[in-house]
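Here are my notes from going through this one, in no strict order of priority. Have the viewer open while you read.

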Amino acid sequence: MRNTSDYDWRTIAALNLVSAMAQVGQFGIAFVVLPVWLAQQGLDATQLGMFAASLWLGQLPGLGLAPWLCQRLGHRWVIVCGLLCTLTALAWIALAGWPFWMMGGSLAGFGLGLRWIGLEPWLYRIAPVHARGRLVGFHETLIALAPVVAPLLAGFFGLQGAAVFWIGAVFTLGALLPLAYARVAADDVAAQPIQRVHVSPMRSLNERIFKLGVVIALLGGMIEAAVSGLFALFAQDRGVSISQTADLLAMFGLGGLLLQYAVGWLADHRGVGIAALFCAVGTALVSVVLTLPLDYALLMAAVFMLGGYITAFLTLALIASTTTNSGNMASNVSMISMLYTVSAVAGPLIAGGAIKATHGDALMWLTAAAAVAMACAVAMVGPSRR
């Protein structure tokens with residue numbers, strides 16, 4: 001085992017800080033707060049679902065192009081391009097109107113996709129292998145600050161005006177500062193040619209873990225995108241005010257913040273399958289509870305738990321993509337991320353139609369159904385141990 005001094009902790013710390021700051025602008029503002037802002041502009045459930053879907057749909061070309069771009073430009077410049085795309089998207093949304101907001105949403109998603117694949121394989125390759133699950137959990141904990149910080153700042157400065165866009169721009173630009181401290185030599189990590197896979201799929205423990213990652217990504221993306229994109233409508237149908245909705249979204253993000261390291265530890269010690277079963281069953285139970293009449297304190301507690309379980313799905317899918325020995329890590333992370341994103345495109349569209357046809361509670365019933373389906377699929381694949 002390598003000594004701790006052998007690892008490039010300066011670059012590891014810098015990249016974690018880049019993710020934490022960029023995520024506030026690229027996800028916290030664009031994916032969580034902007035749907036609330038757009039709801040105030042009069043968008044209905046179908047339109048909000050289309051905007052939320054555009055965010056995730058825009059990620060697909062970013063996720064797909066990023067490994068190729070990393071080989072030619074280096075990880076650092078791919079991250080910079082992703083941040084600039086998000087800045088352009090925020091300016092576009094601030095100045096445009098419906099339906100052109102969807103173009104801005106797609107560009108924001110594209111920028112997040114570039115930064116995601118530009119940064120995470122770089123970080124995980126230079127991390128201690130024996131604790132990679134915990135590092136993924138720690139990294140996801142940091143970026144889980146975004147859906148906590150962004151709603152709180154938006155609520156403090158005001159959700160009605162341009163403050164939302166300034167917050168997103170400041171954090172997105174601010175991510176360039178720690179990026180400058182990441183060592184240039186680490187950029188060479190991604191310049192290696194993509195390894196060819198000689199192991200048949202699903203024939204080893206590593207392949208079974210990767211298959212679990214595929215299952216988690218396909219259903220987890222749908223759940224996260226639907227809940228984060230349409231939660232404002234669920235809260236609105238419950239009679240919750242705009243300021244209380246911002247507080248609930250912050251509580252949702254806080255739940256995700258506090259559970260990610262524990263999920264990484266569970267995946268390291270008990271396997272990705274066991275951790276996924278735990279989170280899927282928890283999601284289904286809490287979603288059903290949220291359809292019941294609850295006072296505001298219980299609603300806050302339930303949303304806190306829901307945020308923890310749902311945010312863990314991406315963490316688990318990424319752990320699966322980084323623990324398999326076959327293939328190139330950037331390509332594996334890109335593949336899992338694209339599956340997560342494809343699923344995320346469908347989630348808001350399905351949930352938006354269901355809410356418009358019935359009631360805001362349809363969001364939670366769909367979330368519960370998808371979580372039960374995930375639990376069944378994970379059980380069929382098998383709770384593999386690492």
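1. Let me begin at a small backbone detail. Gly-158 has a positive phi of about 110°, and this glycine comes just after α6. Keep in mind throughout that we're looking at a predicted model.

2. Now α6 itself. The helix is 12 residues long, and its first and last C-alphas are 16 Å apart, close to the 16 Å expected at 1.5 Å a residue. Its buried positions are Ala-146, Pro-147, Val-148, Ala-150, Pro-151 and Ala-154.

3. On to α7, which covers residues 163-174. This helix has 12 residues, and the distance from its first C-alpha to its last is 16 Å, close to the 16 Å expected at 1.5 Å a residue. The buried set in α7 consists of Ala-163, Val-164, Phe-165, Ile-167, Gly-168, Ala-169, Thr-172 and Gly-174. What do these buried residues of α7 pack against? Their partners are α1 (9-40), α3 (75-95), α6 (146-157) and α8 (176-179), so α6 from the previous point turns up again here as one of the neighbours.

4. Zooming out to the whole fold: there are 14 helices and zero strands. Read from the N terminus, the element string is simply α after α. Of the contacts with a separation of 6 or more, 86% are between residues 24 or more positions apart. The protein has 386 residues, and 60% of them count as buried. The exposed area is about 14700 Å², with 70% of it supplied by carbon and sulfur atoms.

5. Confidence next. The average pLDDT is 79, and 84% of the residues score at least 70. The stretch to watch is 185-205, where pLDDT is below 50; even so, the model gives this stretch 29 contacts beyond near neighbours in sequence. I'd quote those contacts together with the pLDDT of the stretch.

6. How many salt bridges are there? The count comes to one. It joins the side chains of Arg-238 and Asp-361, at 3.3 Å from N to O. The two residues are 123 apart in the chain: Arg-238 sits in the loop between α9 (205-237) and α10 (242-270), while Asp-361 sits in the loop between α13 (329-357) and α14 (362-381), and the pair thus links distant parts of the chain. As background, side chains of opposite charge can pair when their charged atoms come close.

7. Are both ends of that bridge buried, or is one partly exposed? Asp-361 has a relative accessible area of 16%, so Asp-361 is buried, as the limit is under 20%. Arg-238, at 26% relative accessibility, counts as partly exposed.

8. A surface item for your list: Trp-92, Phe-100 and Met-103 make a nonpolar patch of about 330 Å². Trp-92 belongs to helix α3. With a relative accessible area of 39%, Trp-92 is partly exposed, and this is over the 30% that a patch residue needs.

9. Last, a look inside. Ser-54 is in helix α2, residues 45-73. Its relative accessible area is 5%, so Ser-54 is buried. Leaving out residues up to four places away in sequence, Ser-54 touches Met-102, Gly-105 and Ser-106.

Terms used. Residues numbered from 1 in each chain as written. Predicted model: local features only at pLDDT ≥ 70, side-chain atom pairs only at ≥ 80, totals over all residues. Heavy atoms only, no water. Helix = DSSP H or I, 4+ residues; strand = E, 2+ residues; numbered from the N terminus. Expected span 1.5 Å × (residues − 1). Buried < 20%, exposed > 50% of the residue type's maximum accessible area, 1.4 Å probe, protein only. Contact = heavy atoms within 4.5 Å. Patch = residues over 30% accessible without salt bridge, like charges linked within 9 Å, V, L, I, M, F, W, Y side chains within 5 Å. Areas by Shrake-Rupley, 256 points an atom, 1.4 Å probe, with all protein chains shown as cover. Salt bridge = Lys/Arg side-chain N within 4 Å of Asp/Glu carboxyl O. pLDDT = per-residue confidence, 0-100.
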